[in-house]
Amino acid sequence: MTQAFIITDTPKVGALADFARTFASSLTAVTLGNVELGGVDKVVRIPLAEGQPAEALAPVLTQYLASQVSPGDVLLAPDTPVGRVCAAAASVALSAPIFTSVQSLESAEETTRLRLSRYGGLADSEVELNTPVVIIADGGAELAGTSDAEEITNAGAYAATISAETAPDGDNVELSAAERVVVAGRGFAEKEDLAMAHELASALGAELGCTRPLSEGIAWMETERYIGISGVNIAPELYIGAGVSGQIQHTAGITGAKTIVAINDDSTAPIFEIADYAIVGDLYQIVPALSAELKK
Ligand SMILES: Cc1cc2nc3c(=O)[nH]c(=O)nc-3n(C[C@H](O)[C@H](O)[C@H](O)COP(=O)(O)OP(=O)(O)OC[C@H]3O[C@@H](n4cnc5c(N)ncnc54)[C@H](O)[C@@H]3O)c2cc1C
């Protein structure tokens, strides 16, 4: 009987819960602070004091987990700042190896077998362990609903308070949970031309993302918007890449996309090898034409 525990300070852990249901017989959410979520078997809440950062609860969290977790059990944390800190603390406290890029997991008795994606999706490897394991992955959409929560004391937390908070510039981007994503690549010659990509995204009700050079190279878009091995992983129903060549470092971030549409004027571009729909042509003609059709 494998138990799964989601460690979280946010309700956006729907993908982790879906994954846990593929192998676990019970699913507990251990929430740091007052997080409302449903769809799990049990919620254990560790309250946060006024001004206390969620990371300060790590000692309380690990003490609770140590009393519950056995070899073969699985701990999951969203790939967020708090998720990563708490996953690391749990890993150390429970001598439980920590993994990212987990494709699938099987658990029997006290043995856990993990299939891991390696080298940006070029290879898979399999690992077998007889310890608990910790997994960090994209949280996904909100786990809607509420559940009765058992509250445990937060005594033993680190003495820490938040002394200042600053909000990042720009929009709050949620690419990993988006159902449709339009991605702009280096095929866009000028920053102003991105208006076409914005228009297509808006006609589709999609989020706008980009390849890394548009973000880290020439800073046309925020770093939260670039997709790939060193950026965000996305799994939308629809991905439309315009002027994207499809290098592995980018496509490693879209392996979960259901339908891939690629617009590129080079018929040999690697993106066409993974595209469900290939549009060979000039994005400066195709993108506005698509937007116009969608608006009809
Ligand atoms: C360690 C490392 C990590 C990296 N991580 C990432 C990552 O996380 N994400 C990421 O995206 N990249 C990453 N990269 C960079 C990656 O290797 C590629 O360089 C990048 O993805 C290419 O971006 P692009 O497709 O926009 O540009 P390009 O490769 O320059 O492709 C532009 C494409 O646009 C097409 N095009 C040009 N004009 C037009 C037009 N008018 N109409 C239609 N098509 C046109 C061209 O034919 C070309 O195929 C990483 C690289 C390294 C070394």
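The protein chain in this predicted model is divided into domain 1, residues 3-151, and domain 2, residues 175-295. The C-alpha centres of domain 1 and domain 2 lie 31 Å apart. Where they meet, 7 residues come from domain 1 and 8 residues from domain 2. On the side of domain 1 that touches domain 2, the residues are 2 nonpolar, 3 polar and 2 charged.

Now the chain as a whole. The secondary structure comes to 7 helices and 15 strands. The radius of gyration is 21 Å, and the globule rule gives 19 Å for 296 residues; those two values are close, so the chain is as compact as a globular protein of that length. Along the principal axes, the C-alpha trace spans about 60 × 45 × 35 Å. Of the 296 residues, 42% count as buried. If you take the contacts with a separation of 6 or more, 61% of them are between residues 24 or more positions apart.

Next, the sheet. There is an open sheet of 7 strands, with parallel pairing, and the order is β5-β9-β4-β1-β2-β3-β10. Which strands stand at the edges? They are β5, residues 98-99, and β10, residues 149-151; each has a single partner strand, so one side of each is left without a neighbour in the sheet. As a reminder, strands of a sheet pair through backbone hydrogen bonds, either parallel or antiparallel. For β10, the pairing with β3, residues 42-46, is parallel and is made by 3 bridges. One residue pair to look at there is V44 with its bridge partner E150 in β10.

Helix α2 covers residues 58-68, and its buried residues are A58, V60, L61, T62, Y64 and L65. What lies over them? The cover includes strands β1 (3-8), β2 (26-32), β3 and β4 (74-78), along with helix α3 (81-94). Strands β1, β2, β3 and β4 also belong to the open sheet I just described.

On to the ligand. There are 27 residues around the ligand, and G185, R186, G187, G228 and S245 come nearest. The elements giving two or more residues to that shell are α5 (212-217), α6 (248-251), β14 (259-264) and α7 (283-295). By class, the shell has 9 nonpolar, 13 polar and 5 charged residues.

A few loop residues to finish. Most residues other than glycine have a negative phi. S101 is not a glycine, yet has a positive phi of about 55°. A219 is not a glycine either, and has a positive phi of about 55°. Is each of them buried or exposed? S101, in the loop between β5 and β6 (102-108), counts as buried because 21 C-beta neighbours lie inside 10 Å. A219, in the loop between α5 and β13 (238-242), counts as exposed because the number of C-beta neighbours inside 10 Å is 10.

The last one is E174, in the loop between β10 and β11 (180-184). E174 has 12 C-beta neighbours inside 10 Å and therefore counts as exposed; the cut-off for exposed is 12 or fewer. E174 and V244 are 70 residues apart along the chain, and their C-alpha atoms are separated by 21 Å.

Key:
Residues numbered from 1 in each chain as written. Predicted model: local features only at pLDDT ≥ 70, side-chain atom pairs only at ≥ 80, totals over all residues. Pairing = 2+ DSSP bridges. Helix = DSSP H or I, 4+ residues; strand = E, 2+ residues; numbered from the N terminus. Near = placed C-beta within 6 Å. Nonpolar A, V, L, I, M, F, W, Y, C, P; charged D, E, K, R; others polar. Buried ≥ 20, exposed ≤ 12 C-beta atoms within 10 Å, placed from the backbone. Contact = placed C-beta atoms within 7 Å. Domains from an automatic or database assignment. Rg over C-alpha atoms; globule rule 2.2 N^0.38 Å.
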